[in-house]
Amino acid sequence: MEKYWENAVSFDAYMAVAKDRVENPVDGDDKNEYYELGLQRMDRTLKTFKVNPDTLEKLKAKNFAGKILIISEPWCGDASATVPAVSKFFEAAGSEVKIFLRDSDTSLIDQYLTDGTQSIPKVLILNEDLTVKDVWGPRPEFGTQLLKKFKADEVAYPREEFYNDLQVYYAKNRGADAIEEIINLI
């Protein structure tokens with residue numbers, strides 16, 4: 001885990017990667033169109049996110065002395081709605097937070113697949129010695145329920161409606177559910 005931690009970046013560096021990918025698209029990158037949308041969503045989350053003092057106290061009561069390692073990419077819709085809030089919350093709590101770019105080395109995400117897929121973000125809750133205490137992700141439970149509803153009957157719950165419902169949820173929730181679920185794992 002130490003190798004992944006050392007190769008991970010700060011949240012500010014992650015945002016710089018996102019901006020660079022918008023300003024300097026790579027030919028042949030099938031995710032180019034998603035970087036700008038991801039950056040817009042992250043900026044929106046950063047503008048509206050506020051650390052909840054009660055949630056901060058809940059974390060402090062757990063005496064968490066570990067670190068947070070997030071496996072992510074700026075093009076991901078779930079990540080763009082969650083990663084900024086989780087990063088800012090845990091930084092405000094005094095925890096060190098880093099982000100490992102999934103596509104730079106898939107050997108890390110391959111250890112934490114979701115139903116056989118490399119779904120992100122994944123939040124690795126690390127002990128002080130960098131061993132993995134627990135893992136959260138790729139989305140809050142409410143988002144997972146929406147996805148299950150969509151997959152169960154795509155005719156009754158079409159893709160466009162699912163995506164809209166998920167993004168409305170993310171915009172209103174501002175990362176609160178993800179943070180609560182992660183704290184519950186600590």
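**A walk through the fold, starting at β1**

Let's begin with strand β1, which is covered on both faces: Lys67, Leu69 and Ile71 are buried on one side, and Ile68, Ile70 and Ser72 are buried on the other. Keep in mind as you look around that this is a predicted model. That two-sided pattern fits a simple idea: in a regular strand, side chains alternate between the two faces of the sheet. Since 6 of the 6 residues of β1 (residues 67-72) are buried, the strand is largely enclosed by the rest of the structure.

Who are the neighbours of β1? One is β2, which runs parallel to β1 and is joined to it by 6 bridges. You can spot one partnership by finding Ile71, whose bridge partner in β2 is Phe100. To get from β1 to β2 the chain travels through α5, and this β-α-β crossover is right-handed. Another neighbour is β3, which runs antiparallel to β1 with 5 bridges between the two. Here, Lys67 stands opposite Leu126 of β3.

Now for the loops, where the backbone does a few things worth a look. Follow the chain between β2 (96-101) and β3 (122-126) and you'll come to Pro121. The peptide bond leading into Pro121 from Ile120 is cis, with omega near 5°. That loop between β2 and β3 also holds Asp115, a residue other than glycine that has a positive phi, near 50°. Is Asp115 buried or exposed? Its relative accessibility is 78%, so Asp115 counts as exposed.

Further along, the loop between β4 (132-136) and α6 contains Pro138. Gly137 and Pro138 are joined by a cis peptide bond too, this one with omega about 15°. Then there's Arg174, in the loop between α7 and α8 (176-185). Its phi is positive as well, near 55°, and again the residue isn't glycine. Arg174 has a relative accessible area of 38%, so it is partly exposed.

Next, turn to the rings. The structure has 8 aromatic pairs. Take Phe142 and Tyr169, a tilted pair with 4.6 Å centre to centre and 40° between the planes. Because Phe142 sits in helix α6 and Tyr169 in helix α7, this pair ties together parts that are 27 residues apart in sequence. Phe142 is partly exposed at 42% relative accessibility, whereas Tyr169 is buried at 11%.

Phe150 and Phe162 make another pair, this time stacked, with 5.0 Å centre to centre and 10° between the planes. Phe150 lies in helix α6 and Phe162 in helix α7, so here the tie is between parts 12 residues apart in sequence. Phe150 is buried, with a relative accessible area of 4%, and Phe162 is buried with 4% relative accessibility. Ring pairs also link Phe150 and Phe162 with Tyr157 and Tyr163 into a cluster.

Finally, some empty space. Rolling a probe the size of a water molecule over the atoms shows where such space is left. The largest pocket holds about 830 Å³ of it. Which residues are closest to its centre? Of the 27 residues in the lining, those are Asp78, Arg139, Leu147, Phe162 and Tyr163, and Phe162 and Tyr163 are familiar from the ring cluster. Helices α3 (32-48), α5 (77-92), α6 (141-152) and α7 (159-173) each give at least two residues to the lining. By class, that lining is a mix of 11 nonpolar, 8 polar and 8 charged residues.

How values were computed:
Residues are numbered from 1 along each chain as its sequence is written. This is a predicted model: local features need pLDDT of at least 70, side-chain atom pairs count only at pLDDT 80 or more; totals for chains, interfaces and linings use all residues. Side-chain values use heavy atoms; hydrogens and water are left out. On a 1 Å grid over the protein atoms alone, a cavity is a set of points where a 1.4 Å probe fits but cannot get out, and a pocket is an open set with protein on both sides within 12 Å along at least five of seven lines; lining residues have an atom within 4 Å of a point. Grid points are joined across faces, edges and corners, and a volume is the space filled by probe spheres set on the points. Helices (H or I, at least four residues) and strands (E, at least two) are DSSP runs, numbered from the N terminus. Ala, Val, Leu, Ile, Met, Phe, Trp, Tyr, Cys and Pro count as nonpolar, Asp, Glu, Lys and Arg as charged, and the others, Gly among them, as polar. Buried means under 20% relative accessible area, exposed over 50%, partly exposed in between (1.4 Å probe, protein chains only). Two strands pair if DSSP finds at least two bridges between them. A crossover is right-handed if, with the strands pointing away from the viewer, the path from the first strand over the helix to the second runs clockwise. Rings of Phe, Tyr and Trp (its six-membered ring) pair if their centres lie within 6.5 Å; planes under 30 degrees apart count as stacked, over 60 as edge-to-face and the rest as tilted.
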